[in-house]
Structures are given as structure tokens and as C-alpha cells.
Amino acid sequence: MALTQPLPMAPPPAHEGILRRQSLRESAARTYARSLPIVPVRARGLTIEGADGRRYLDCLSGAGTLALGHNHPVVLEAIRSVLDSGAPLHVLDLATPVKDAFVTELFATLPPELADHGRIQFCGPAGTDAVEAAFKLVRTATGRNGLAAFTGAYHGMTAGALAASGGAQDTSVTRLPYPYAYRCPFGTGGEQGAELAARWTANVLDDDKSGVARPAGMILEPVQGEGGVIPAPDSWLRRMREITAARGIPLIVDEVQTGVGRTGAFWAVGHSGVVPDVLVLSKAIGGSLPLAVIVYREELDAWRPGAHAGTFRGNQLAMAAGAATLAYVRENDLARRAGELGARMTSRLDALAAEHGCVGDVRGRGLMLGLELVDPDTAPDPSGARPAAPALAAAVQRECLDRGLIVELGGRHGSVVRLLPPLTITDEQADAVLDRLADALAAGARSGAGGASGVGVSGSVGGAGVSGTVGASGNAESFGAVGDAGFAGAAGVGVVGPGQVGSAESAPDGEGRAVPRQGSSSGVTP
């Protein structure tokens, strides 16, 4: 009897249970968890370790939140300093030394015209809260109610922010054409398409019979992120500034994702020289912790006390982490670095597009990059654009995850593969990212749209629809011990980035070779 009794089965790995419980307990609205079925347990710089022991290069960076990557030493030190000081962590909107230091550092990075005559409002913890505050501000200041926004926009998930985003059904927000060279609404593209978009905007605002009353404000993104990594031409941004200024319409610029050096300038408006009336900020300004503010011209400050509030607008840890992040980016000129490295990465992505007909367009600015994937077997429209290929993009994202690379999808059809690496990424790490992306793109194209294998954990995970095998490509690396000083892994890519110092004297490069570390505990320019 004992000889025929089956052996007891080993329990499933712990991370499978975590994913299964997530699918059973969390709402159907969850997003990233569906396409990225991993359980992060440790992270440093560009690298995340999952509970299954696999390592990933993270080019999502908290949707642009992690300007310095995961757990950067200057951020951790800033947080520890507040915790060790005994300072209160919750203070509503009271003045504190931590808050004063954050505001001082933030204003040091702003355009002088805004810094010298600006006011700041601390909002709720997310960028969408700051967008809502901006709308309330301009409505109060102008006495008008309507808003002007742009096609393809994304400004958040609360009601007012959604109404100004692409796909909204709320007709109280006037929708204006955003310049999109690859899929130009006027069929021309380039500077001509941008100029036509500007003329259309001016005409709608000036025509008494357009059906559009003068709005309380106009909101735009210098680079549409979720909309598909679409940079607005500098000339168009200047035209929007001219149009709004001439008509007494406050210009609101949403820099939630583009700010803090991401595009190659500290604030993306710096490329065009535009100074907005209201600047909406979140994500990277909190150094990985929740923080959102608006900075605006003092003449708009028509609020009465209590007109806009929020229980968690005094996040001391976020202000400390944010001040450290802002200072590090500014002092180490990481915006310039982002511009230079982004240009090199774009050049290689252009070469990749030349090899693969499924890459319809490569675009972006700085370290905010995107590839729009299309169906190469269909005829282009008169302007040269082919139909979007969202299933292929999803397949490429899965192939990337198989190879230890985390990327995000965006765009109107979910067909844009987005890269948002931390500003501390090294040249070697950037090469490793692009190597894996190139391999994943080739694999996705070979498999056909949607034909790639699943990349979840083995077995069913219920509503998440996650099944398959992680690490099918065999590119997982061993993961070294993690301490306050950083990873000490023996192999892999990008273990230590600029200013992320481990205890050893060297770190492995993309091929496992030892290379000198590129930082110190105080951090240096990469």
C-alpha cells in the first residue's frame, strides 16, 4: 500500500498565491497587474527583483514617478532624516522646515517669471487632484466655467480630469486638435499640421458662431504621455501661449509626467520658452512618494481661505524625498543627460524601425520614448500612416517581460510601446534595454499579432487571465544580496547606476563583465 501511495505535492510558490489572491480581491479596474504579473520584493535603480527570484529592468519607473529609479540613496537618506528627527508626519497645511525646504528647491527650478511672481497650492496626493485644483483655480479667477483641452490628452482619473482627457463624453469641455505628425488630423503632418491646428484653435475661440464660449482655461501636455508619446512642436506651444494670452485665457500646462528632467529640460516647457499661467506637478516631485501641487501666477490667487483643501496635502516624507530628488537632478544636470542619452536611444530605435516594417513611428523627447506599432501588411493612408496594431504591441510587451524588461503600452489604440527609464540609467543599461526590446520586437513579429505565449505564473490566476511561464527565454539573472548600499549580484545588467553604490568596487555590465561603479553615496553626474 505504501509503495503505491502518491507522494505529497509541493505547495505552489508563494508569489503564485499572492497573484491569485490579488485577482480574487482587487477590482476589475486594475491595469498594470494584468500585463505585468510579477510580485516585486526588492528594487534598486533600474532593477526590480520579483518574488520568484527573477530580475527585471524597469522602463516603466512608476509611470514616470521614479526620476532617480528605485530606492536611490539620496531619497532614502532624506526619508530617514525626517523619521529620525522626530518631526510630525501629518501636519495638514501647516508650515514646517521640511515644507519650506521643498518649496525653496522647487521654486529654484521654475522659470524666473513664474518663480518670482508665483504661488503654490498643495493638493491631494495624486496628479489628478492637482488638475482638479487647477480647474477650480481658473474658474474662480475668471468667473467663467468652460475649459479647452486637446484630442488624445490624459489628465487623470477623477471626474473633472477625465472630462478633459481623450475619450471623454462630457461636452462641457471643448476639444481642440493636438498636433500628431504621424496621424495628423489634417493629413499634412509636420510644422504645417501644427500650424493648421493652431489656426483651428484661434478660429474656434474667436468665432461668435462656433458654439464655444470663452473658456476659463486651456490645459495641455508638452508631450502627450498616455496619448502615445507625442511631443508638441515648440512653435505650436508658443502659438498656444500667444493665443491664450491675447484672449485672457489662463494656460494650464500639465507636467505631471514630463517634469523633473524627463524630456531633456527640467520642465518640458523650457524647450519652447513658454511660461504658463498654471503648472500642474506630481509624480517625480515626490521622490517616489505621493505629492501633487500647482504653481500659478499670483494674480490668479483669488481663492478664499478653505476654497481648496485636502487632508493629506502635508506629506512630510514626500516633501523631503522630493526636495532631495529635485536637488539631485538639478545639481547633477540630469536633464541634459536625459536629452543626450534619449537622442542616442532614438537613433538606435530609428535603426530598429528601418529593419521592421511593423514600427510605424519612433518619437519622444529625452527619456520619454515610444514606438508606434502598425500592421505592415495593410496599405498606408494618404499621409503614410498604417493601421495601429495593438495585439502586436501586447505581444511585444509580453516578449519583453519574458526577457526581463518592463515596458508600458499607450496611445489611442494601445499600440505604442513606451520607454520611461530613470534619469540615472547608464549607457550600458540603455544598451541592454534596447537589446532586449529589439529581441522582443523580432519575436513578437515572428509570432504574429497576439501569437506570443503567455508570461504569467504557471496555473490559473482567475480573473487576471494570467497563465503561462515566466522566464521562457532563460535570460533571468542571479540576484545578489540587497543592503542599504545596493545590489551585490554576481551577474546581470545595470546592478548599480549613478549614485547607487554597492559594497564591492565594481558592478557587472550587460555581459557579466566587471566595470567600475559610477557613483558615490553623495551621487555624481552620470
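## Close-up views of a predicted model

**View 1. Serine 165 counts as buried, because its relative accessibility is 2%, and buried means under 20%.** The structure shown in this and every following view is a predicted model. Serine 165 belongs to the loop that runs between helix H8 (159–163) and strand S6 (173–176). Its side chain comes to 2.9 Å from the backbone nitrogen of histidine 155. When residues up to four places away in sequence are not counted, serine 165 touches Ala153, Tyr154, His155, Gly156 and Arg175.

**View 2. Strands S1, residues 40–44, and S2, residues 47–50, run antiparallel.** Four bridges join strand S1 to strand S2. One pair to find is alanine 43 and isoleucine 48, the latter being the bridge partner in S2. Two residues lie between the strands of this hairpin, and glycine 45 adopts a positive phi near 60 degrees. Which way do the side chains of strand S2 point? Thr47 and Glu49 point one way, whereas Ile48 and Gly50 point the other way, and all are buried.

**View 3. Strand S2 also runs antiparallel to strand S3 (residues 55–58).** Three bridges connect strands S2 and S3. Glutamate 49 has arginine 55 in S3 as its bridge partner. The hairpin formed by S2 and S3 has four residues between the strands, and glycine 53 in its turn shows a positive phi of about 90 degrees.

**View 4. Four strands form an open sheet in the order S13-S14-S17-S16, with antiparallel pairing.** Strand S13 (359–365) and strand S16 (408–410) are the edge strands, each of which pairs on one side only. On average, neighbouring strands of this sheet are turned by 25 degrees against each other, direction ignored. Within the sheet, strand S14 (residues 368–373) is joined to strand S17 (residues 416–419) by four bridges, and the two run antiparallel. Glutamate 372 stands opposite valine 416, which lies in S17.

**View 5. Helix H13 (residues 390–402) packs on the sheet of the preceding view.** Helix H13 touches strands S14, S16 and S17, and its direction makes about 170 degrees with that of S16. Another helix, H14 (residues 427–447), likewise packs on the sheet. Helix H14 touches strands S13, S14 and S17, and its direction makes about 165 degrees with that of S17.

**View 6. Arginine 313 and aspartate 93 form a salt bridge, with 3.2 Å between the closest N and O atoms.** Why does this pair tie together parts that are 220 residues apart in sequence? Arginine 313 lies in the loop between strand S12 (293–297) and helix H11 (316–331), and aspartate 93 lies in the loop between helix H4 (73–85) and helix H5 (97–109), so the pair ties these parts together. Arginine 313 counts as buried at 14% relative accessibility, whereas aspartate 93 is partly exposed, with a relative accessible area of 42%. Side chains of opposite charge can pair when their charged atoms come close.

**View 7. A salt bridge joins glutamate 195 to arginine 239, the closest N and O atoms being 3.3 Å apart.** Glutamate 195 is in helix H9 (residues 190–206) and arginine 239 is in helix H10 (residues 234–246), so that the pair, 44 residues apart, links distant parts of the chain. Glutamate 195 is partly exposed at 27% relative accessibility, and arginine 239 is partly exposed at 24%.

**View 8. Aspartate 333 and arginine 336 meet through their side chains in a salt bridge of 2.7 Å, N to O.** Aspartate 333 counts as partly exposed at 35% relative accessibility. Arginine 336 is partly exposed, with a relative accessible area of 35%. Elsewhere, salt bridges that share partners join Arg183, Asp361, Arg363 and Glu372 into one network. The structure holds 24 salt bridges.

**View 9. The chain as a setting for the close-ups has 14 helices and 21 strands.** Of its 526 residues, 54% are buried. Among contacts in the chain with a separation of 6 or more, 69% are between residues 24 or more positions apart. The accessible surface of the chain comes to about 21300 Å², and 54% of this surface belongs to carbon and sulfur atoms.

Note on methods: Residues numbered from 1 in each chain as written. Predicted model: local features only at pLDDT ≥ 70, side-chain atom pairs only at ≥ 80, totals over all residues. Heavy atoms only, no water. Buried < 20%, exposed > 50% of the residue type's maximum accessible area, 1.4 Å probe, protein only. Polar contact = N/O pair within 3.5 Å; in protein donor to acceptor, adjacent residues only side chain to side chain. Contact = heavy atoms within 4.5 Å. Pairing = 2+ DSSP bridges. Axes fitted to C-alpha atoms, helices over the stretch in contact; angles between N-to-C directions. Salt bridge = Lys/Arg side-chain N within 4 Å of Asp/Glu carboxyl O. Areas by Shrake-Rupley, 256 points an atom, 1.4 Å probe, with all protein chains shown as cover.
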